[in-house]
Amino acid sequence: MVKKKVQFTETVLRDANQSLMATRMPYADFKDILPTMDKAGYYSVECWGGATFDSCLRYLDEDPWERLRNIRKAMPNTRLQMLLRGQNLLGYKHYHDDVVEKFVELSIKNGIDVIRIFDALNDFRNIETALKATKKYGNKRTVASGCISYTQSPVHTVKKYVEMCKELKKMGFDTLCLKDMAGTMSPQEAEGLIKGIKDAVGDVPVILHTHCTTGMAYMTLMKAIDSGVDVIDTATSCFSNGTSQAATETIFYALQQYGIPTGLNEDVINKVNDYFKPLKQKYIDKGLINPKSMGTDSQALVYKVPGGMLSNMIANLKDLNAMDKFDAALAEIPAVRKDMGYPPLVTPLSQMVGNQAVTNVLMGQRYKQISKEIKNYIKGEYGIAPAEVDHDLQVTVLGEGGKPIDCRDEDKKRTGEDFKKAKAELGDLARTEEDVMSYICYPDQARKFFQERKAKEENIAVYTIEEA
Ligand code: CO
């Protein structure tokens with residue numbers, strides 16, 4: 001084994017929470033362990049972004065910004081990390097550049113140090129604005145991490161990934177991350193990729209993010225470490241495995257035997273796990289953790305599709321009383337993906353491809369009916385596809401001679417009005433710029449949250465006066 005230092009990003013507060021229990025962990029449940037986690041020696045703690053923002057407003061009655069500020073206060077010594085979907089921020093549509101810039105500015109102001117930025121299609125024009133804003137508003141601690149959505153296809157070769165990493169380095173990213181959301185990266189693939197990337201980018205730190213979904217993560221991580229990876233993402237052991245990350249303490253133990261330094265404090269990481277253990281049991285008892293998400297699903301390796309996508313398809317087919325079409329629908333996925341130019345199967349593309357495959361099979365004919373989302377994709381609204389979209393499919397959607405739009409043209413980038421408009425719409429419901437941003441990202445949930453917040457305060461006020 002190479003004896004170079006390997007650092008850990010702890011994911012229990014974000015990705016483990018999101019993968020195992022749909023991000024339903026309230027702040028109150030984990031706040032007491034934060035000062036301990038601050039002493040663990042992690043490279044960073046991933047605690048925000050992804051689905052946390054939506055979940056706070058929609059289900060947990062929490063202000064996501066306040067959550068971030070509280071974590072910041074409790075963990076002054078640890079790099080706090082977020083996941084950002086480039087021009088889509090934390091949602092599914094493209095926002096104008098001024099909104100993206102403001103969001104990044106406020107994220108840093110409220111306590112984020114590491115912003116991991118990705119685009120579902122690896123169309124790097126969609127992560128440029130967020131990168132520039134990170135550089136503009138960042139401080140000494142700020143890290144802009146350029147992230148690649150990993151997938152397998154005839155056009156996704158090691159050479160192509162190495163080129164992508166060179167491009168990200170040239171754009172000015174401080175670190176590079178491979179994001180294997182489906183957990184389908186094998187040890188052999190990790191070896192080729194990490195060696196190739198390290199050779200090409202020199203001293204830029206390389207990070208591997210994978211999931212245990214298919215059971216391969218531990219092998220893949222060990223091979224990545226042996227190939228020179230700098231940082232790996234893991235979750236405290238009681239929140240590890242299944243659809244989550246590999247276990248922090250377990251990999252730490254293995255690396256210690258090899259004499260590989262990690263910077264982790266063994267006592268502290270064990271305490272962190274002790275803290276979360278009863279919480280996990282509580283969530284299982286309440287039905288918040290589905291036992292299915294804790295197992296291993298090797299089907300994803302055969303069909304190269306993420307576990308979540310399969311369960312989605314099964315649910316759809318059951319609803320339609322058409323489970324007998326499951327095998328045919330599964331076999332249809334590679335064809336649809338090829339026709340679409342091999343997009344990585346990450347949200348929202350995984351759902352889009354899965355649904356279209358089901359529709360094709362049920363209709364008994366390809367693309368007799370095409371979903372609105374797929375039409376928008378072919379129109380170019382999401383960015384440039386990794387490979388050419390099938391010609392006939394393009395003609396069906398765009399008409400003969402029709403061309404896709406440029407999702408980054410001047411009109412799409414237009415700035416200035418969104419923030420003002422949102423502020424005016426909210427009136428006195430919004431108290432801060434952060435409130436306005438919550439509203440821009442999730443209008444209905446944010447408005448409801450602000451209304452309830454106001455009502456609660458008025459009730460308290462009435463109560464106090466009566467008491468007096
Ligand atoms: Co993930």
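Modeller: Buried here means under 20% relative accessible area, exposed means over 50%, and partly exposed is in between. This is a predicted model, and I'm glad to walk through it with you.

Colleague: Lovely, let's start at the metal. Which protein donors does the cobalt ion have?

Modeller: Along the chain, the donors follow the spacing D-x193-H-x1-H. They lie 2.1 to 2.2 Å from the cobalt ion. The pattern is filled by an OD oxygen and two NE2 nitrogens, belonging to Asp-15, His-209 and His-211.

Colleague: How many residues apart in sequence are the parts that the pair Asp-15 and His-209 ties together?

Modeller: Asp-15 and His-209 are both donors of the cobalt ion. Asp-15 sits in helix H1 (residues 15-21) and His-209 in strand E7 (residues 206-210), so the pair ties together parts whose separation in sequence is 194 residues.

Colleague: And is Asp-15 buried or exposed?

Modeller: The cut-off for buried is under 20% relative accessible area. Asp-15 has a relative accessibility of 4%, so it counts as buried.

Colleague: With which side chain does the side chain of His-211 make a polar contact?

Modeller: His-211 is found in the loop between E7 and helix H10 (217-226), and it is buried, with a relative accessible area of 6%. Beyond four places in sequence, the residues it touches include Asp-15, Ser-19 and Asp-180. The polar contact is 3.1 Å, and the partner is the side chain of His-209.

Colleague: Moving on to helix H12 (residues 266-285), how far apart are its end C-alpha atoms?

Modeller: H12 has 20 residues, and at 1.5 Å a residue it should span 28 Å. The distance between the end C-alpha atoms agrees with that expectation, at 29 Å.

Colleague: Where in H12 does a kink lie?

Modeller: The bend is about 25 degrees. Its place is shortly before the proline Pro-278, at a residue that is also among the buried ones of H12. That residue is Phe-276.

Colleague: Which helices do the buried residues of H12 pack against?

Modeller: The buried residues of H12 include Val-268, Ile-269, Val-272 and Leu-279. An α-helix has 3.6 residues a turn, so residues three or four places apart point the same way. The packing partners of these buried residues are H1, helix H2 (27-30), helix H3 (34-37) and helix H11 (248-258).

Colleague: Which residue caps the N-terminal end of H12?

Modeller: At the other end, just after H12, Gly-287 takes a positive phi of about 80 degrees. At the N-terminal end, a side-chain oxygen lies 3.0 Å from the backbone nitrogen of Asp-267, and the capping residue is Asn-265.

Colleague: Is Thr-23 buried or exposed?

Modeller: Thr-23 is in the loop between H1 and H2, and its phi is near 60 degrees, positive in a residue other than glycine. With a relative accessible area of 3%, Thr-23 is buried.

Colleague: What is the relative accessibility of Asn-241?

Modeller: Asn-241 also has a positive phi, about 65 degrees, although it is not a glycine. It lies in the loop between strand E8 (231-235) and strand E9 (246-247). Asn-241 counts as partly exposed, and its relative accessibility is 31%.

Colleague: Last one: how far apart are the C-alpha centres of domain 1 and domain 3?

Modeller: The domain assignment gives domain 1 as 7-286 and domain 3 as 419-467. Their contact takes 20 residues from domain 1 and 15 residues from domain 3. The separation of their C-alpha centres is 31 Å.

How values were computed. Residues numbered from 1 in each chain as written. Predicted model: local features only at pLDDT ≥ 70, side-chain atom pairs only at ≥ 80, totals over all residues. Heavy atoms only, no water. Donors = N, O, S within 2.8 Å, 3.2 Å for Na, K, Ca; no water. Helix = DSSP H or I, 4+ residues; strand = E, 2+ residues; numbered from the N terminus. Buried < 20%, exposed > 50% of the residue type's maximum accessible area, 1.4 Å probe, protein only. Expected span 1.5 Å × (residues − 1). Bend = angle between axes of the 7 residues up to and from the residue. Contact = heavy atoms within 4.5 Å. Polar contact = N/O pair within 3.5 Å; in protein donor to acceptor, adjacent residues only side chain to side chain. Domains from an automatic or database assignment.
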